[in-house]
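Thanks for making the time this morning; I would like to walk through one model with you, slowly, and from the surface inwards. Please keep the sequence and the structure open while I talk.

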Amino acid sequence: MEIVVLIKPVPESETRLRASPDGRRLDSEGVRFVLAGYDESAVEQALLLKENVPGSKVHAISFGPARCGEALRAAIALGADAATWIEAPPEGSDDPILAARALASALSSIPYDLLLGGKHAGDDEEGIVVGAVAELLGIPSFGSVTDVRPAGPSGLAFQRPTEAGIESWETSLPCAIGLQQAWNDPRTAKLPNILRSRKAPIAKVDWPTVAKALGSESSPRSLSEEFRLPAPRSGAKMIEFQTPEEAAEKLVRLLREEAKVFP
Amino acid sequence: MPEFSLTAEQESLRDLARKFARTEMAPKAAECDKSARFPEEIYRKAWELGLMNLNVPTEYGGSGLGALDQCLIVEELAYACGGMTTSIIANCLALEPILLGGSPAQKSRWLTPFCSEYHLASFCLTEPGGGSDAAGLKTRARKDSEEYVLSGEKCFITNGPHASLFTVFATLDPSLRSKGVAAFIVPGDAPGIVRGKDEDKMGHRASSTSTIRLEEVRVSRDQRLGGEHDGFSIAMRTLDQTRTPIGALATGIAQAALDLAARYSLERKTFGKPISEHQAIQIKLANMVQAVRAARLLTWHAAWTIDRGQPGTLESSIAKCYASDAALRVADEAIQIFGGYGYMRDYPVEKLMRDAKLTQIYEGSNEIQRIVTARELLRQYG
Ligand SMILES: Cc1cc2nc3c(=O)[nH]c(=O)nc-3n(C[C@H](O)[C@H](O)[C@H](O)COP(=O)(O)OP(=O)(O)OC[C@H]3O[C@@H](n4cnc5c(N)ncnc54)[C@H](O)[C@@H]3O)c2cc1C
């Protein structure tokens, strides 16, 4: 099975975020971008399938600025066989439709049976790209999927947890899947594989090549205008009390008079 | 200009160590400390991830890292648990004599099978009669045609109860002092090896330490590292390599103490305000961060010196000594900032002080480090 994993580097979770000097986006200066969240699960799922379907290959692909290289190397360290960076234009790497077009265009020359991505990216949580790539390629796509397993000679079975219960699905290939969870927790890359990944080749498709292939579709549909951090939350209020009755009384008074939860 | 930023490769090594430390080690640190449990499952996993034989070249199955890379990893591990870190890096200490004194044939014979599976090794230098005066060691090596017979006792041996390989220092002629010492590779199952009980320690309780008695242990000539007079030099050059990671270990403990104390100071209120607003606490925190940063930079500098192929005796002595003193001081102040809670075993800070204390003692006590530092310093003037 040829498995393509679509990954997007996102800021490391411990990063302190700030706006860029022009106020339009996240300031990437000094921020470490990593493979994280659902994308990490997607890589894990791809590797599990590779281990269970002999002859499979995993190819990690990322659309965006140069920092994609770090996330791709992380995927290689985990066990991906190949990696491709598709360069984004200086403006518009955040546009999900442009990302989908660029990825779909690259996939015209990359073999795939299964496209795997996170159910949404760990930063903007839009969840558009996997479905949009599938649409552009004319293949079925499924979101919020867990537990993808090989089924029959050339199909896949998977589950989708919903409010009402767990759905079980089967699909033929090719298809695209936005993953919520693999059947294992994401593995940790071993030290020698990390060192090896530093020297692994990463194929690059530069932006002029992508732009040429996309022709009139190469301009972003959306551009970020403003980036603001949420206002800091006001602090918690501790209630001091001697008896539970006193605590309840004080809490009700605060809810009524300060939080105005009750009239 | 010095360059203080890390390469992307170094960042990813540090990420690996941090993830392992925080997800595997930290959750079990308090439990292992309390019950003095040797968490073999964690050590096995450290080996699986390549975090164990850091200094062994990849051609023999190790991770092949330089000094600075090792320090980055060790600091992260020690942030989660000093004791586990001591046991994880004991292999580096025990195998370094083979790296320094072994022939290519000895390296492939002993290191390759050792590194290809989970194994622990121990470095056996210290003896009950004294550790600091290593040239005065009493364990005897007696020549018997093509073999040597080793007898004596080693003490405070990290991973002693579990090791499957020992590097042992023994004297062929005590009257020759340092010139009489030879180094040997001894497999853990050699007849005549008697392991003592696991010592009950103040700190590093997730590590295990024991005596190793050698009762007429026979080793062949090709288990001798270097020449018959090279053992002492191999031991000293080994410690030149491994002292710097002890600086990193101490820095990790100190950083953990600082983080806990700074966070606590923002939460704990006295006299109507967080204690972080009392200047006395601010001054403590300022002194603590100065000590942590200085410890890290001295450690990085020593590692950088060694990575440039220099012995780094002076630099590593300064780094180990400063960082370990800093760790004890910072942990002490962290307890002070926690007040009475800091003294309670249910809070994590008192463990840091107990763990920090060892870093002043082992791999050459700080008194010995100061002797070495002064000797190296004065050499530059004399
Ligand atoms: C938990 C633990 C793990 C250890 N692991 C190992 C191991 O794996 N392998 C190993 O070989 N050893 C190990 N050691 C031993 C350690 O390296 C020694 O304890 C250390 O070198 C000090 O030796 P000593 O205990 O014999 O003290 P001594 O040498 O007896 O020293 C006693 C005191 O006198 C001071 N002193 C000694 N000589 C002088 C001097 N000339 N001038 C001024 N002061 C001096 C010392 O600094 C110390 O304060 C370990 C120790 C501990 C506690």
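Where in chain B is Met344(B) found? Met344(B) sits in the loop between helix H8 (313–338) and helix H9 (349–359) of chain B, where helices (H or I, at least four residues) and strands (E, at least two) are DSSP runs numbered from the N terminus.

Before I go on, a word on the basis: this is a predicted model, in which local features need pLDDT of at least 70 and side-chain atom pairs count only at pLDDT 80 or more, while totals for chains, interfaces and linings use all residues. Residues are numbered from 1 along each chain as its sequence is written, chains are lettered from A and ligands numbered from 1 in the order in which they are written, and side-chain values use heavy atoms, with hydrogens and water left out.

Back to that loop residue. Met344(B) is partly exposed, at a relative accessible area of 42%; buried here means under 20%, exposed over 50%, and partly exposed in between, with a 1.4 Å probe and protein chains only. Together with Tyr341(B), Tyr343(B) and Tyr347(B), Met344(B) makes a nonpolar surface patch of about 450 Å². Such patches are made of residues with over 30% relative accessible area and no salt bridge, like charges being joined within 9 Å and nonpolar side chains (Val, Leu, Ile, Met, Phe, Trp, Tyr) within 5 Å, and the areas come from the Shrake-Rupley method with a 1.4 Å probe, only the protein chains shown counting as cover for residues.

Moving inwards, the largest nonpolar core has 67 residues, and those with the most contacts inside it are Ile177(A) and Met25(B). A core of this kind is a set of buried Ala, Val, Leu, Ile, Met, Phe, Trp, Tyr and Cys residues joined through side-chain atoms within 4.5 Å. Helix H1 (residues 8–35) of chain B gives the most to this core, with eight residues. If we leave aside neighbours within four places in sequence, the residues in contact with Met25(B) (heavy atoms within 4.5 Å) include Ile42(B), Leu77(B), Met84(B) and Ile88(B). Apart from this core lies another, of 44 residues, among them Leu68(B) and Trp300(B).

Now the charged pairs. Counting a salt bridge as a side-chain nitrogen of Lys or Arg within 4 Å of a carboxyl oxygen of Asp or Glu, we arrive at 50 over all chains. In chain A, Arg187(A) and Glu51(A) meet in one of these, at 2.6 Å from N to O. That pair links parts of the chain 136 residues apart, Arg187(A) being in the loop between strand S10 (175–181) and helix H5 (191–199), and Glu51(A) in helix H1 (residues 38–52) of chain A.

In chain B, Arg22(B) forms a salt bridge with Glu76(B), with the closest N and O atoms 3.8 Å apart. Arg22(B) lies in helix H1 and Glu76(B) in helix H3 (residues 67–80) of chain B, so the pair ties together parts that are 54 residues apart in sequence. Are the two partners buried or exposed? Arg22(B) counts as partly exposed, at 34% relative accessibility, whereas Glu76(B), at 6%, counts as buried.

Finally, Glu12(A), Arg32(A), Glu11(B) and Asp15(B) are linked in a network of salt bridges.
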